[in-house]
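Student: I am new to this structure and should like to understand the terms used to describe it. May I ask how each term is justified?

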Amino acid sequence: MRTPWGSYAEAQAMFDSIVVYSTSMAQLKDLGIDPEKTPNVAILSHADLLRKITAGSSLDIRSLDTELQSCLMENKICIAYEIGQTHLDRNRFGNFWLDFLNFNRRVDISGWQFNAIVVIRNDRVIYKLWSGKPNIQQLQEERNPLGPLQGLGSSLLRP
């Protein structure tokens, strides 16, 4: 499934174009932030938003912007979207036969991840926050000394 942003830079540029107290819900949809059409855009409940904003910190809600405070205190006056976009490419490499026979599988994983929260009140964005990983690089290696017979023992024990 395709996302509207093909790269981390595109997702960041989209987020940077959101202007607090100015961008409307219609403009968000034009930017690709539409939970009904865009994959991995979630609608957060009041409790989810509170948990995301204050998660694991001793943050005093009174230190936040007054508009955001009122959204966190009263539960039906705001809408919050959480954008979670990840693009990962998996490239298997190494010996074909060892991989094919399930003895040794090596996968190079690369890509990016972008996360954001946008809070809307009265059809205007009142708060935005982002985080992400512009460059993901991982090596996944799976070794099975018995190759294709590795998982056979547990399946033979089942009635």
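**Reasons behind the terms**

Tutor: Let us begin with one contact: R106 and E141 join their side chains in a salt bridge, 3.8 Å from N to O. The model is a predicted one.

Student: What makes the contact of R106 and E141 a salt bridge?

Tutor: The term requires a side-chain nitrogen of Lys or Arg within 4 Å of a carboxyl oxygen of Asp or Glu. The N to O distance for R106 and E141 is 3.8 Å, so the pair meets the cut-off of 4 Å.

Student: Where in the chain do R106 and E141 lie?

Tutor: R106 belongs to strand β3 and E141 to strand β4; with their positions 35 residues apart, the pair links distant parts of the chain.

Student: Are R106 and E141 buried or exposed?

Tutor: Neither word applies, because partly exposed covers the range between under 20% and over 50%. R106 has 29% relative accessibility and therefore counts as partly exposed. E141, at 35%, is partly exposed as well.

Student: How many salt bridges does the structure hold?

Tutor: There are six salt bridges. One of them joins R51 and D48, with 2.4 Å from N to O. These two residues stand three residues apart in helix α3 (residues 46–54), which means that about one helical turn separates them.

Student: Why is R51 called exposed, while D48 is called partly exposed?

Tutor: Exposed means over 50% relative accessible area. R51 has 51% and so counts as exposed. D48 has 26% and therefore counts as partly exposed.

Student: What is the state of the residues in the salt bridge between D99 and R92?

Tutor: The closest N and O atoms of D99 and R92 are 2.6 Å apart. D99 has 8% relative accessibility, so it counts as buried, the limit being under 20%. R92 has a relative accessible area of 51% and is therefore exposed. Salt bridges with shared partners also connect R92, D99 and R105 into one network.

Student: Why is N104 called buried, and what does N104 touch?

Tutor: N104, in strand β3, has 19% relative accessibility and so counts as buried, because the cut-off is under 20%. Leaving aside residues up to four places away in sequence, N104 touches L98, D99, E141, E142 and R143.

Student: How do you know that L101 is partly exposed?

Tutor: L101 has 35% relative accessibility and therefore counts as partly exposed. L101 is located in the loop between α5 (96–100) and β3. Together with F96, W97, L98, F100 and F103, L101 makes a nonpolar surface patch of about 630 Å².

Student: Let us turn to the sheet. What makes β1 and β4 edge strands?

Tutor: The open sheet has four strands in the order β1-β2-β3-β4, with antiparallel pairing. β1 (41–44) and β4 (124–143) each pair on one side only, and they are the edge strands. On average, neighbouring strands are turned by 15° against each other, direction ignored.

Student: How do you know that β3 pairs with β4, and β2 with β3?

Tutor: Two strands pair if at least two bridges are found between them. β3 (residues 104–121) and β4 run antiparallel and are joined by 17 bridges, so the requirement of at least two is met. β2 and β3, likewise antiparallel, are joined by 16 bridges.

Student: Which residues stand opposite one another in these strands?

Tutor: Across from G132 in β4 stands F114, and W130 in β4 faces A116. I117 has L129 in β4 as its bridge partner. Between the other pair of strands, Y81 is partnered by V118 in β3.

Student: How are β3 and β4 connected?

Tutor: They form a hairpin with two residues between them, and N122 in the turn has a positive phi of about 50°.

Student: Where does helix α4 lie?

Tutor: Helix α4 (residues 66–73) lies across β2 (78–93), β3 and β4, and it runs at about 100° to β3.

Conventions
Residues are numbered from 1 along each chain as its sequence is written. This is a predicted model: local features need pLDDT of at least 70, side-chain atom pairs count only at pLDDT 80 or more; totals for chains, interfaces and linings use all residues. Side-chain values use heavy atoms; hydrogens and water are left out. Axes are lines fitted to C-alpha atoms, for helices over the stretch in contact, and angles run from 0 to 180 degrees between N-to-C directions. Contact means heavy atoms within 4.5 Å. Patches are made of residues with over 30% relative accessible area and no salt bridge: like charges are joined within 9 Å, nonpolar side chains (Val, Leu, Ile, Met, Phe, Trp, Tyr) within 5 Å. Accessible areas come from the Shrake-Rupley method with a 1.4 Å probe; for residues, only the protein chains shown count as cover. Buried means under 20% relative accessible area, exposed over 50%, partly exposed in between (1.4 Å probe, protein chains only).
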